[in-house]
Amino acid sequence: PLPEGQRGEPKLARLPVVRKGYGSVLQRMEPNVADPNSAAVVQFQNADREDLKQQMAMEVLAIIMGNPFFSELRTKQQLGYIVYGGVANKEGVRSLVFTVQSSVADADVLTQKIFAFIDGFSLKEMKEEQMAGFISGLVRNKLQTDKKLTTEVGRHWAEIVLAQYDWTRREEEAA
């Protein structure tokens, strides 16, 4: 990696921790009043770029929660045609991301349903073997050779954008 003193400044703003409620809400009205679609995106960010263990724990948690989130909101509740639970990595900051787009419920209802799922989710019943399986799956994915040149270029370009130039990041994250 590029030495610390030669790196650019991160594009990261630290916001105050919210003690009540769920944080900031950003809303945008649909300009086309005839469009029946609504969407909600709920993100939980971990801004500590230096704690690799926390960052990887967020990725494992996203993998664990992704299928149950889809199953509950898309299959059982039939809330939306786009339902996604996973992880995002924007400028080195990982986030758990829950997205629902729907034509049957408005954004407030979708947001409430997302938080209801999150509030009801627990890892207490998960066995150590199951957790180990999720972790080993993530490690396999991290160490997998890029199948397309565009994937490799995108990965390297992200390092350039962040001015970190850590060409072995996948291996470090898998370790």
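Eight salt bridges are present in the structure, which is a predicted model. Side chains of opposite charge can pair when their charged atoms come close. Three of these pairs are described here, followed by the packing of helix 1.

The side chain of Glu59 forms a salt bridge with that of Arg94, at 2.5 Å from N to O. This pair links distant parts of the chain. Glu59 belongs to helix 1 (residues 52-76), whereas Arg94 belongs to strand 3 (residues 93-102). The two residues are 35 residues apart. Glu59 has a relative accessibility of 9%, so it counts as buried; the cut-off for this class is under 20%. Arg94 is also buried, because its relative accessibility is 4%.

Arg94 has a further partner in Glu173. Their side chains meet in a salt bridge of 2.3 Å, N to O. Glu173 lies in helix 5 (residues 169-174) and Arg94 in strand 3, so this salt bridge ties together parts of the chain that are 79 residues apart in sequence. Glu173 counts as buried because its relative accessibility is 9%.

Helix 5 also contributes Arg169, whose side chain forms a salt bridge with that of Glu159 (2.4 Å, N to O). Here Arg169 of helix 5 is linked to Glu159 of helix 4 (residues 149-162). The partners are 10 residues apart. Their accessibilities fall into separate classes. Arg169 has 22% relative accessibility and therefore counts as partly exposed. Glu159 has 6% and therefore counts as buried. Elsewhere, shared partners join salt bridges into one network made up of Glu59, Arg94, Lys142 and Glu173.

Two members of that network, Glu59 and Lys142, recur in the packing of helix 1 on helix 3. Helix 1 packs against helix 3 (residues 128-143) at an angle of about 110°. The axes of these helices are 10 Å apart. The angle falls between 65 and 115 degrees, so helix 1 is roughly perpendicular to helix 3. Their crossing is right-handed. On the helix 1 side, the contact is made by Met56, Glu59, Val60, Ile63 and Ile64. Helix 3 contributes Met131, Phe134, Ile135, Leu138 and Lys142. By class, eight residues of this contact are nonpolar and two are charged. No polar residue takes part.

Helix 3 also contains Arg140. This residue counts as exposed because its relative accessibility is 57%, and the cut-off for exposed is over 50%. Arg140 and Ala174 are 34 residues apart in sequence. In space, their C-alpha atoms are 7.9 Å apart.

Helix 1 packs against helix 2 (residues 107-120) as well, at an angle of about 130°. The axes of helix 1 and helix 2 are 11 Å apart. These two helices are therefore oblique to each other. Helix 1 passes helix 2 in a right-handed crossing. Met65, Pro68, Phe69, Glu72 and Leu73 make the contact from helix 1. Lys113, Ile114, Phe117 and Ile118 make it from helix 2. This contact has seven nonpolar residues, two charged residues and no polar ones.

Note on methods
Residues numbered from 1 in each chain as written. Predicted model: local features only at pLDDT ≥ 70, side-chain atom pairs only at ≥ 80, totals over all residues. Heavy atoms only, no water. Salt bridge = Lys/Arg side-chain N within 4 Å of Asp/Glu carboxyl O. Helix = DSSP H or I, 4+ residues; strand = E, 2+ residues; numbered from the N terminus. Buried < 20%, exposed > 50% of the residue type's maximum accessible area, 1.4 Å probe, protein only. Axes fitted to C-alpha atoms, helices over the stretch in contact; angles between N-to-C directions. Parallel < 35°, antiparallel > 145°, perpendicular 65-115°, else oblique. Left-handed = near helix turned anticlockwise from the far one by under 90°. Contact = heavy atoms within 4.5 Å. Nonpolar A, V, L, I, M, F, W, Y, C, P; charged D, E, K, R; others polar.
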